[in-house]
Amino acid sequence: MTHVSKLTFYGSALLVGAGLLGLTTSAQASATYPPKLQLALEAQVGKPLCVPQCLACHQTNLGGIGTLNVFGQNLKTYGKLMIREPDNVGAKVKAYFDAVKAAEGTGKMPNGDSDGDGMSDEMEIANGDSPSVAFPGGVSLFCPDIKYGCAGGRIAAVRPPRDGIGLLGGALTALGLTATRRWRRARRNQSR
Ligand SMILES: [Ca+2]
């Protein structure tokens with residue numbers, strides 16, 4: 001690899017790595033939501049729960065705008081739960097389930113069964129199942145990260161994508177920064 005192409009390669013690695021780290025950071029920007037959601041749902045179902053991941057309300061663990069799953073969309077539509085208001089998660093989650101109870105027997109939305117599989121969101125969450133993925137696909141899907149790390153000997157097949165992207169971003173950024181330092185040192189030595 002020539003000197004110039006080396007610089008281009010390491011520079012690209014730095015940019016891509018920083019970009020991926022930015023992506024990870026933006027996904028984790030709502031890191032306060034999961035524990036707040038855990039408390040709100042525990043109050044709702046009356047039993048201890050895991051800390052739900054972004055998948056609880058989003059289509060992937062990257063989260064982000066425009067990626068709500070059906071349960072997340074129902075929390076937004078009927079509970080008025082919005083982005084960047086973690087302090088209101090408890091009240092908004094309660095508002096959703098209150099709206100579900102108020103609509104019972106009326107045939108009006110919300111019916112409290114986001115994925116339409118006949119089992120209520122509340123019951124699925126209490127069982128650790130996803131309220132967004134119809135039975136049997138959503139069984140034990142509510143806390144996939146927890147299952148990956150410590151599920152009594154059961155290990156999930158793949159690591160959640162957010163971790164992979166974070167590691168890749170960190171590695172590429174480190175590679176780019178190391179190369180930049182080497183290049184500066186080499187230039188300093190040349191100019192002496
Ligand atoms: Ca359901």
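Read from one end of the sequence to the other, the protein follows the pattern α-α-α-α-α-α-α, and the count is accordingly 7 helices and 0 strands. The model described here is a predicted one. Of the 192 residues of the protein, 34% count as buried, while the exposed surface comes to about 11300 Å², with carbon and sulfur atoms supplying 62% of it. Among the contacts with a sequence separation of 6 or more, 48% are between residues that stand 24 or more positions apart.

**The nonpolar core**

In soluble globular proteins, nonpolar side chains tend to be buried together. In this model the largest nonpolar core has 20 residues, and those with the most contacts inside it are L41, V93 and I125. The helices α2 (33-45), α3, α4 and α5 (121-126) each supply at least two residues of this core. The surroundings of L41 can be listed by name: leaving aside its neighbours within four places in sequence, L41 is in contact with G46, L49, V93, F97, I125 and F142. Two of the partners in that list, V93 and I125, are also named with L41 as the residues that have the most contacts inside the core.

**Aromatic residues**

F97, one of the contacts of L41, also belongs with F71 and Y96 to one aromatic cluster. A pair of aromatic rings is described by the distance of the centres and the angle of the planes. The structure holds 2 aromatic pairs, which are set out below.

| Pair | Centre to centre | Angle between planes | Arrangement |
|---|---|---|---|
| F71 and Y96 | 6.1 Å | 75 degrees | edge-to-face |
| Y96 and F97 | 5.0 Å | 65 degrees | edge-to-face |

F71 lies in helix α3 (residues 70-79) and Y96 in helix α4 (residues 89-103), so the pair ties together parts that are 25 residues apart in sequence. As for exposure to solvent, F71 counts as buried at 0% relative accessibility, Y96 is likewise buried with a relative accessible area of 0%, and F97 is buried as well.

**The calcium site**

Which residues coordinate the calcium ion? The donors come from D113 (OD), D115 (OD), D117 (OD), M119 (O) and E124 (OE), at 2.0 to 2.3 Å. Along the chain, these donors follow the spacing D-x1-D-x1-D-x1-M-x4-E. Two of the coordinating residues can be described by their exposure: D117 is partly exposed, with a relative accessible area of 24%, whereas E124 counts as buried at 3% relative accessibility. E124 falls within the residue range of α5 (121-126), one of the helices that supply at least two residues to the core.

**Cysteines**

A disulfide is a covalent bond between the sulfur atoms of two cysteines. How many disulfides does the model contain? The count comes to 0 disulfides, and the distance between sulfur atoms shows why for C54: its sulfur is 9.0 Å from the closest cysteine sulfur, in C57, which is too far for a bond, given that the sulfur atoms of a disulfide have to lie within 2.5 Å. Looked at from the other residue, C57 is in no disulfide, and the nearest cysteine sulfur is that of C54, 9.0 Å away. Both residues are nevertheless shielded from solvent by the accessibility criterion, since C54 counts as buried at 11% relative accessibility and C57 counts as buried at 12%, in each case under the 20% limit.

Definitions and conventions:
Residues numbered from 1 in each chain as written. Predicted model: local features only at pLDDT ≥ 70, side-chain atom pairs only at ≥ 80, totals over all residues. Heavy atoms only, no water. Donors = N, O, S within 2.8 Å, 3.2 Å for Na, K, Ca; no water. Buried < 20%, exposed > 50% of the residue type's maximum accessible area, 1.4 Å probe, protein only. Phe/Tyr/Trp six-rings, centres within 6.5 Å; stacked < 30°, edge-to-face > 60°. Helix = DSSP H or I, 4+ residues; strand = E, 2+ residues; numbered from the N terminus. Contact = heavy atoms within 4.5 Å. Areas by Shrake-Rupley, 256 points an atom, 1.4 Å probe, with all protein chains shown as cover. Core = buried A, V, L, I, M, F, W, Y, C linked by side-chain atoms within 4.5 Å.
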